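Open the model in your viewer and keep the selection box handy. Each stop below says what to pick and what to look for.

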Amino acid sequence: MSSHHSGTRYKSSPSEHYCIIMSSHHSGTRYKSSPLEHYCINMSSHLSGTRRKNLRVDLELGVQVEENMRNTLRSTLGKSLEDLKTKERKDWVLKWPGQLVIAGSQTEWTAHVEQGILEEKLPEYYNTMLEQLDDLRGLVKGPLERVERQVLSALIVIEVHARDVLANLLKENVKNINDFEWISQLRYYWVEEELKVRAVNAEFQYGYEYLGNSGRLVITPLTDRCYLTLTGALHLKFGGAPAGPAGTGKTETTKDLAKAFAIQCVVFNCSDQLDFMAMGKFFKGLARDSNPEHPLVTVQNVSPHLHYWIPLAGAPEKDVHPRRES
């Protein structure tokens, strides 16, 4: 990531796969991101300069960068949703970044499904969805740039699941937007310039974490049940623990749910070599804000995990905020 700010240039490590170019003079200028995602990202607000003579990337600047990232994604998502109203969908999906295409498509799908239920026009919208999938299939068969093909690949995975959900709603003859077959799905709502994600009676703020042009997992009925359980646990301020044999997708399912919420997901590979000090550092970070996943936790590690986790689980209800160490 590089930034021209008050004559100073900050550079990221060579290992980073993408960059976002920020400037305090960005009016009318188009900025390009990564080699993997060439879409333009416009940092929507100015970064205020540090008041120290020794300019360095510190915590304050890091917070400002995160805030600008979220503001940029929020404002760009709003513009993309407005643009969707005026363009054909097959043209719209190639104009905007992949993350916003998926979020915008799910928002539009939620609105149309609820409208179809209320007006008893679900069969008509189902036919529209099939036509939209045919359009996407036609785009994939044609000449595309690598980035565009990645966008469509992830979008088609989500759209196929949306089609299956809609087919099930028709099969179950859903007539009310409060029926469990509908509210048990992840639903996206654009409310007062904010994107909300709902599942049953739980509502979450879309995190606006920049995900890049990443792929998505195929959603199976088991994935849906995992999402339903984990979102219910988060709503009640509890943790979730997907269980099963190694290699069955527990960690990847958790990571994909974090993508659906656009929040950071940190994976810790646990073992019996971890002592209480290492575990303490893990939970200090989790006390801030993240979506943790702990694979390979053994029975011997359960007790120290609970020792740290129980106070954190009760913190939101007691309004207890762990002190951040400098």
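The tour goes from the whole chain to helix pairs, and then to single residues.

**Whole chain**

Start with everything selected. This is a predicted model. The chain holds 10 helices and eight strands. It has 326 residues, and 40% of them count as buried. Now turn to the contacts with a separation of 6 or more: 62% of them are between residues 24 or more positions apart.

**Helices H3 and H5**

Select residues 98–119 for H3 and residues 146–171 for H5. The two axes come within 9 Å and cross at roughly 15°. An angle under 35 degrees counts as roughly parallel, so H3 and H5 are roughly parallel to each other. The crossing of H3 past H5 is right-handed.

Show side chains next. From H3, the contact uses Gly98, Val101, Ile102, Ser105, Gln106, Trp109 and Val113. From H5, pick Val151, Ala154, Leu155, Ile158, Glu159, Ala162, Val165, Leu166 and Leu169. Colour this set by type: 12 are nonpolar, three polar and one charged.

**Helices H4 and H5**

Keep H5 and add H4, residues 122–141. Here the axes are 10 Å apart, and the packing angle is about 160°. Over 145 degrees counts as roughly antiparallel, and H4 and H5 are therefore roughly antiparallel to each other. H4 passes H5 in a left-handed crossing.

Which H4 residues make the contact with H5? Select Leu122, Pro123, Tyr125, Tyr126, Met129, Leu130, Gln132, Leu133, Leu136, Leu139 and Val140. On the H5 side, the residues include Arg149, Leu152, Leu155, Ile156, Glu159 and Val160. Arg163, Leu166 and Leu170 are also among them. By type, this contact divides into 19 nonpolar residues, one polar and three charged.

Leu155 is worth a label: H5 uses Leu155 in its contact with H3 and also in its contact with H4. Glu159 likewise appears in the H3 contact and in the H4 contact.

**Asp83**

Move to helix H1, residues 59–84, and centre on Asp83. Is Asp83 buried or exposed? Asp83 is buried, with a relative accessible area of 10%. Leave out its neighbours within four places in sequence, and Asp83 is in contact with Trp92, Lys95 and Trp96.

**Two residues with positive phi**

Most residues other than glycine have a negative phi. The next two stops have a positive one.

Select Glu120, in the loop between H3 and H4. Its phi is about 55°, although Glu120 is not a glycine. Glu120 is exposed, at 58% relative accessible area.

Then go to Tyr208, in the loop between strand E6 (202–205) and helix H7 (221–235). Tyr208 also has a positive phi, about 55°, and is not a glycine. Is Tyr208 buried or exposed? Tyr208 counts as buried, with a relative accessibility of 2%.

**Cysteines**

Finish with Cys226 and Cys265. How many disulfides are there? With a cut-off of 2.5 Å between cysteine sulfur atoms, the count comes to zero. Cys226 is partly exposed, with a relative accessible area of 23%. Cys265 is partly exposed too, at 24%.

Definitions and conventions. Residues numbered from 1 in each chain as written. Predicted model: local features only at pLDDT ≥ 70, side-chain atom pairs only at ≥ 80, totals over all residues. Heavy atoms only, no water. Axes fitted to C-alpha atoms, helices over the stretch in contact; angles between N-to-C directions. Helix = DSSP H or I, 4+ residues; strand = E, 2+ residues; numbered from the N terminus. Parallel < 35°, antiparallel > 145°, perpendicular 65-115°, else oblique. Left-handed = near helix turned anticlockwise from the far one by under 90°. Contact = heavy atoms within 4.5 Å. Nonpolar A, V, L, I, M, F, W, Y, C, P; charged D, E, K, R; others polar. Buried < 20%, exposed > 50% of the residue type's maximum accessible area, 1.4 Å probe, protein only.
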